Structures are given as structure tokens and as C-alpha cells.
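Here is a quick tour of the inside of a protein model: its packing, one histidine and its empty spaces. Have the structure open as you read.

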Amino acid sequence: MIGGRLRKSGCSLCVLVLAGLLSFSLGDEAYIGLPLGKLNTYANQVTGQVYAVDEYTLLIRNFFYDGLGQDTFFWAGATVRPSNIGFIVPDEEGRTNRLQRYVNADVTLKLPDNRKLSSIKWLAVWDLREHNNLADVYIPEGLEPPSPQAISEMSRNSHGIKSDGVMVMDSKTISILNLFYDGNDTDVFFSVGLGPQPTPHGTKIPDERGYLNSLTPYTGKDVTLILPGKMTVDDIDWLSVYNFRTEENYGSTVIPDRLNIPPSLIHIIERESPLPNCGQLHRDLRLSWEIFGPAITFELSGQIGEDEYMALGISGSQTSSQMIGSDVAIAYMDGLLGTIADYNVTGKYPCTNVLGRNAGVCPDEKVGGVPNGYQIHTYVRNDGITTITFRRNLLNTDDSGDKVFKQEGFTYFVWAVGKYNDYKEPTYHRLVLRGDLKLELGRKPGAKNCEPFIRPKTHKMKSWGPLRIRDPQVTTFTVRVGVPGGMKGYSGITGHPSPGVAFYVNGLLSPELYLRRNRRYTFMVEGGNDPNNARFYHPFYITDDPHGGYARYTEEERRTRRVYAGVEFDRRGRPHPSAAGRLCSWVHNTSHRYSVDDYVTYPKFRKSLKLQCSDGEPNILHWTPNASVPELLYYQSYSQRNMGWKIFIVDEIINAAPCTVPLCWLTTVTCVLFVLFHAQNRRTLL
């Protein structure tokens, strides 16, 4: 929790008096809520200061309890004074277990069942067995706890800016409701600052996804912005959609003084780099560097997962940031050890051998270069932040594929963040550079344009799955490829990182298939049949391997994996895919510029896609699972790992379980069309 509650204008004496009356903290102390008073101590050394955080939440600061009570809980009620008539308030972890010892802890308590502070008169530390009140605090009559406050909507100056209002959610969070902006300009950012109106001296702030790039169109979307670093709403007078190139305010709103809003519960993480230059790449990623002698030292620091990598490198183009043709370093923590590797990017897919030549995202040594031109210095992961420092020569690296880090002028860079798979290969990115990034590496040292990391309370993103095809009448499956759908899609459904493309079966993204033994099934495969197009060459096969990519295994590794359909072997035992048809791919409709996170359900996501098919015919694969086939198999791509999902082999398909939302939706649409068709025919006959 950060930020002071003193405003930047007005009578300083009045401000100090008001701050004293409300017990708001001065100086650098954080605003933590509306103070309700100290706990009245009766037993077991219980002490602490209680604050109202919002309508539903209390904070006990510096809470002490010796843990020696018999059956002690946080307890609240609406009687005149604390009694056995009340209810348990879950602890800071949401549990209702007997309280253990606390030593000067900050404890955040949320009232259960959506109860509000206005519904209770006291909070106590209560021993249910002994009917003993260890400590209590009373809720003042008529209390107005901090709550989100509505302020004026965005002014409608130009470029289609409009909204249904703006809400200040807490001391660091602002939501713009139903925002519209045409996106028809460059160098346009969300900006905040001081003074009566927006100016070019304002501060650019990250968009709702943490990016610091020029804004794209908004068409009626609620946008939630988090102020960077230690900044709070008390440090700003306005919020604007601002063009820094033309110095034009497209639309703005004023932030009123002294809003009765909740404190922010965002965790601030300070990470100071010893290197003299720093640039913020994303809210969760930053780069520091230093040129010393013939070498350059980089530090990548990111708020990433334990199984994620950070990639940074010189663009494949000298006039823009381009991933294809780039020369990148990929850094990650492998357990307790840091790793840095030099990669060459010739395609947006994992490194693949295409007709005897490696292409894609490949380590330098696989494309004829030196194994690694980088030297790793330090590596650490602490409090969710991974920091890796590495070094490379500016010019001479003994690798003709390495690009030169220029000391003069600007250099275009690319970056990305994503998961690495079980084979420590980088997979499709979760975050990636949007627009252009150019850095002046040889600039005067000391320009540190970075903010502390912030960690909002996040809710686990729910996937669209599991998607299933469990219909005893279905014996034909159309297999195509398409976009993986981010964390709600393939990765969320399967738990595996995606190479950037996934199998779609009968229009569903990587569904579970239920097949009956001794029944003949037909797979119409349209995953691409051109080996020269490695990104879209995905012969289909059935295996006991949960990852797939049979072509990527060595001969020894293949002995541990069984193939049941889709691969044939010649006399020498060499494998050849037998189910490779024309390419049909589900791709994003260019008119839709939303993130996949914006689609609540799979049907809504599917509606945003369009199907593109090349000339040719599908490949037909027939397969009958016999009695010897295991109960669990997988359909996968012969050329890439992690594109398909599970096949359940059963003796009888019982379609009694509730269908998933996408299947219900597709079934409903089919039934409606059937009824309308027959109704129309009946009218025609009459």
C-alpha cells in the first residue's frame, strides 16, 4: 500500500489540521484507510490499530495476540456490545481456523457473505469456548467507509473520445467506463499530471494491460488503469488521452481532491539496478544497461512466472522493431540457476528442421553460429521478480549471425515474455513488444526511466475449457489449426505452453475426444501439407505422448513413445507422417483488435475468428481403437509439440454429463436452424 493523502494545493495549515483530525499519515507514510481506533485490550495481550479499508474490509495494523486462547476467532456482530450472538470473520487467508499467534502483523479481514461494515457494531477477538472477549473495537454510528467514487466522464474533444463516466476505485486505480476512441493517430497515451489542464509535461502511464505503447482503438470497453510505482491519485490533478506528438488533449477528466476512497492494496516492490541506464519496457519488465570498454552489460528484470523466459534483442529491421530476423538473448531461471542463450529468429514458431535446415526460434548453434555469445553474471529470483545480468562484446563475437550493438545513434529492439516447455525451449509469448522500441545505448549514463514493480491482487484467469466432444453419434472429426487463444485457450485448457498454433476439432479448440472401442472413426485432416511452411505444417497423429512432435525426437526417444495412427514406417524403421492435408486455419479477424482476455466465453471468441483454407483436399485418416488400445491417448502434431489434447477410449459413450457452454451453444444453434428450416418448408407447402 502506497501513497500519501496530502494534496498538492490549498492552504497548508488547513491541510495539516484536516489531516490531523482524520489521523491521516504525513510525509512518506502510506494511506491505509479510515482509522476506527485501537483495540480495547482485555486479555492475552491483544493489541492493534483498526482501519476501515472499504465497505467490506477491515485492517488491523500491528496486531499482537499471544495465541494462548482456547478457541479464539475474529468475531463480529450487531448487538449493543460483544456477545455470543455474532459470526466468525475469516482471517487474512480467508480461513475460519482457530487463531494462532500474531506478532505485530498487518491483518486484512473481509466480512463474509458480502456483509457491509454498516451491518455490524463491533469487531472482537473472541474465545467461543470460554465466552470471553479478549479485545474489541466499536464501529461508529453512521460510518461512511471508503468506497469507489464516481467522477466526471471524459471530455469529448476529438477522435471519438467518450465514456459513461470515470470511477476512482482506490488510491492507485482508475476505471474508465465504456471508453470509445478511434485510434487513428500515433504517440497517443494515457497521461496524468498536475495543474488545471493536461499538458505535454504529464506522465505517460501503462494501459490496462501494462503496455507503454501508443493506444489502439477502444469501442465501448471498461478500462482499468493502475498508476505506476509509488504514484497515487493524490499526486495528480487530471487524467487524459493525450497526443504527445501534437500536444493535443483528446479527452480528459479532473481528479477531485480528498476523495473518500479505499487505500490501494497493491504491493510495491523496489528493485534498484547498479547499472546506470534503465528503460521501462512494460509494467512488468524493465531493461538496464552499461557500456564499458568493448563490452555491454544488460540486466533484465521482470515480474514473471517461475517457468517463464525474458527475451531481448536487436530487431530484424534497421527502421522498425521486427521479430523476424532478430538476434535475441533468452534469459530464464532453471531452478536455482540462471540461464542465458543466444537465439536467431527466422520464424514465429519453435526451432524446426525443415528439409534438412533449421528454422524458427533457434539457438545460434543450430543455424551455423557460435553456441553462445553471452556471458551470464548474476541471477536471482526474489519476491516474484526474476533478475538476470549478462554481458556481450559490442563488435567481435566470432559469430557472423550476431548483430552489432551500436554506441552511437538509436538501435531498434524487440522483446517478449513467455513460457518455456519441458524441454527448456521458448514457446509462444505471453507479452510481446507492440509498436517500435528504439534505444540510444551510448547515451549519457544516469537516465533511469524506471518505476518500482507493482503487484495488484490478481484472480486466476478461468479457461474456456474443458471443451469436449462426447456424442455417441459423432464418428467424423474435422481437424484444423488456429490461434491458441492465450491463457483462456490452449494453455488454460491443457496446462501446457503453446507453440503459437493449436488443433481445432469440429470447430472446438483442442477438445477432449471420447471414442468407443471397436468403432471406426474418420479424421479429415487440414493442418497443412507443405514441409517448407514450418509454421503451418502439422500432420496429425495419435499417440500415448502428451506432448507430441514425433519428428523432433531422437531415434532413442521414439522408442519410449507409441504411435497408434497417422505415422507409417519404412523398411528401415524411419517414420513418415501419413495424415497431412491442405491447410485450413482459424485466424483473427483483422476488424477485431481485442485481447483474447476480453472474451468471456469460447463462442464469443470463435465468432471473432475467420477460417482461411488453401487449395487442395483434406487428408482422410480412418482409425478403429481396438481392445488393446489404452484408455488415454492424445492427438498431436507430428512436427510441433503441444498442439492437441486428450482422447478417452471407452467401452460405451454415455452423454449424460452436462455439456460445456460451447457445445450447448453449438447444439442450440443447430436445433434452431433445424426448426426454422422445417417451419419454412411447411409454410411453402401450405
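## A buried histidine

A polar contact here is a pair of N or O atoms within 3.5 Å, where one must be able to donate a hydrogen and the other to accept it. Keep in mind that this is a predicted model. With that in hand, look at His538, whose side chain makes such a contact with the side chain of Ser639 at 3.3 Å. The His538 side chain also has a polar contact with the side chain of Ser637, at 3.0 Å.

Where does His538 lie? You'll find His538 in the loop between β40 (521-526) and β41 (540-543). Is His538 buried or exposed? His538 counts as buried because its relative accessibility is 0%, and the cut-off for buried is under 20%. Leaving aside neighbours within four places in sequence, the residues in contact with His538 are Val481, Val501, Phe503, Gly527, Gly528, Ser637, Ser639, Gln640 and Met643.

## Two nonpolar cores

The largest nonpolar core is made of 45 residues. Leu513, Leu515, Phe523, Phe540, Ile542, Phe605 and Trp623 have the most contacts inside it. Strand β37 (residues 502-505) gives this core its largest share, four residues.

Phe523 is a handy place to start clicking around. Not counting neighbours within four places in sequence, Phe523 is in contact with Phe477, Val479, Leu513, Leu515, Phe540, Ile542, Asn619, Ile620, Leu621 and Trp623. There's also a second, separate core of 29 residues, with Trp289, Ala329, Phe405 and Val417 among them.

## One closed cavity

How many cavities of 30 Å³ or more does the structure hold? Just one. The largest cavity has a volume of about 70 Å³.

Its lining is made up of Pro350, Asn421, Glu425, Pro426, Thr427, Pro497, Ser498, Pro499, Arg552, Gln640, Arg641 and Asn642. Sorted by class, that's four nonpolar, five polar and three charged residues. Gln640, one of the cavity's lining residues, is also in contact with His538.

## The second largest pocket

Now for an open space: the second largest pocket comes in at about 1,000 Å³. It is lined by 32 residues, and those closest to its centre are Phe189, Lys204, Leu212, Gln280 and Leu437. Two or more lining residues come from each of β14 (203-205), β19 (277-282), β32 (437-439) and β34 (453-455).

Which element gives the largest share of this lining? That's β19, with four residues. By class, the pocket lining has 15 nonpolar, eight polar and nine charged residues.

Key. Residues are numbered from 1 along each chain as its sequence is written. This is a predicted model: local features need pLDDT of at least 70, side-chain atom pairs count only at pLDDT 80 or more; totals for chains, interfaces and linings use all residues. Side-chain values use heavy atoms; hydrogens and water are left out. A nonpolar core is a set of buried Ala, Val, Leu, Ile, Met, Phe, Trp, Tyr and Cys residues joined through side-chain atoms within 4.5 Å. Buried means under 20% relative accessible area, exposed over 50%, partly exposed in between (1.4 Å probe, protein chains only). Contact means heavy atoms within 4.5 Å. On a 1 Å grid over the protein atoms alone, a cavity is a set of points where a 1.4 Å probe fits but cannot get out, and a pocket is an open set with protein on both sides within 12 Å along at least five of seven lines; lining residues have an atom within 4 Å of a point. Grid points are joined across faces, edges and corners, and a volume is the space filled by probe spheres set on the points. Ala, Val, Leu, Ile, Met, Phe, Trp, Tyr, Cys and Pro count as nonpolar, Asp, Glu, Lys and Arg as charged, and the others, Gly among them, as polar.
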